[in-house]
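Student: I should like to examine how the descriptive terms used for this model follow from its computed values. Could we take the assignments one by one and set each against its criterion?

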Amino acid sequence: MSSAVRRTWRRLVQTYTMLCARDDAAKHGVTIPDGIWACVRCQQPHLELSALHHHLRTEHPGAAAG
């Protein structure tokens, strides 16, 4: 798989994840500004998706991430 295809795939996955997170937040009455990721379990904000994934692994082990 070429690097351009990998980059495109990664962007699609990130966009889909962000849209799902924003949709879920809207269902719960939470407004999340652009560029902010929030934990669905404790509402802790994160500026990077990797920080959110690390938070989920360390603070909520055993919880399904995504």
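Student: Why is no bond assigned between the sulfur of Cys-39 and the closest cysteine sulfur, in Cys-42?

Tutor: A disulfide requires a pair of cysteine sulfur atoms within 2.5 Å. The sulfur of Cys-39 lies 3.8 Å from that of Cys-42, its closest cysteine sulfur, and this is too far for a bond. Cys-42 is likewise in no disulfide, its nearest cysteine sulfur being that of Cys-39. The count for the structure is 0 disulfides. This is a predicted model, in which local features need pLDDT of at least 70 and side-chain atom pairs count only at pLDDT 80 or more, whereas totals for chains, interfaces and linings use all residues. Residues are numbered from 1 along each chain as its sequence is written, and side-chain values use heavy atoms, with hydrogens and water left out.

Student: What makes Cys-39 buried or exposed, and how is Cys-42 classed?

Tutor: A residue is buried under 20% relative accessible area, exposed over 50% and partly exposed in between (1.4 Å probe, protein chains only). Cys-39 has a value of 1%, and is therefore buried. Cys-42 has 38%, and is therefore partly exposed.

Student: Which residues make up the largest nonpolar core?

Tutor: That core consists of 5 residues: Trp-37, Cys-39, Leu-49, Leu-52 and Leu-56. The term denotes a set of buried Ala, Val, Leu, Ile, Met, Phe, Trp, Tyr and Cys residues joined through side-chain atoms within 4.5 Å. Helix α2 gives the most to this core, with 3 residues. As for Leu-56, its relative accessibility is 18%, so it counts as buried. Leu-56 and Cys-39 are 17 residues apart in sequence, and their C-alpha atoms are 7.6 Å apart in space.

Student: How do you know on which side of α2 its buried residues lie?

Tutor: The buried residues of α2, which spans residues 49-59, are Leu-49, Leu-52, His-55 and Leu-56. They cover an arc of only 115 degrees around the axis, so they lie on the same side of α2; the arc is that of the directions from the helix axis to the C-beta atoms. In general, an α-helix has 3.6 residues a turn, so residues three or four places apart point the same way. The buried residues of α2 pack against α1 (3-27), β1 (37-38) and β2. Ser-50 is also in α2, but at 48% relative accessible area it is partly exposed.

Student: What makes His-46 buried or exposed, and which residues does it contact?

Tutor: The relative accessible area of His-46 is 9%, so the residue is buried. His-46 lies in strand β2, residues 45-46. Contact means heavy atoms within 4.5 Å. Leaving aside neighbours within four places in sequence, His-46 is in contact with Gly-35, Ile-36, Trp-37, Ala-51, Leu-52 and His-55. Trp-37, with residues up to four places away not counted, touches several others, including Gln-14, Thr-17 and Met-18.

Student: Why is the pairing of Lys-27 and Asp-23 called a salt bridge?

Tutor: The criterion is a side-chain nitrogen of Lys or Arg within 4 Å of a carboxyl oxygen of Asp or Glu. The N to O distance between the side chains of Lys-27 and Asp-23 is 3.8 Å, and a search of the whole structure finds 1 salt bridge. Because they are 4 residues apart in helix α1, Lys-27 and Asp-23 are separated by about one helical turn. Lys-27, at 63%, counts as exposed, and Asp-23, at 41%, as partly exposed.

Student: What is notable about the phi of Gln-43?

Tutor: Gln-43 is not a glycine, yet its phi is positive, at about 65 degrees. Most residues other than glycine have a negative phi. Gln-43 is placed in the loop between β1 and β2 and is partly exposed, at 42%.

Student: How many helices and strands does the protein chain have?

Tutor: The chain has 2 helices and 2 strands, in the pattern α-β-β-α along the sequence. These are DSSP runs numbered from the N terminus: helices (H or I) of at least four residues, strands (E) of at least two. Of the 66 residues in the chain, 18% are buried.
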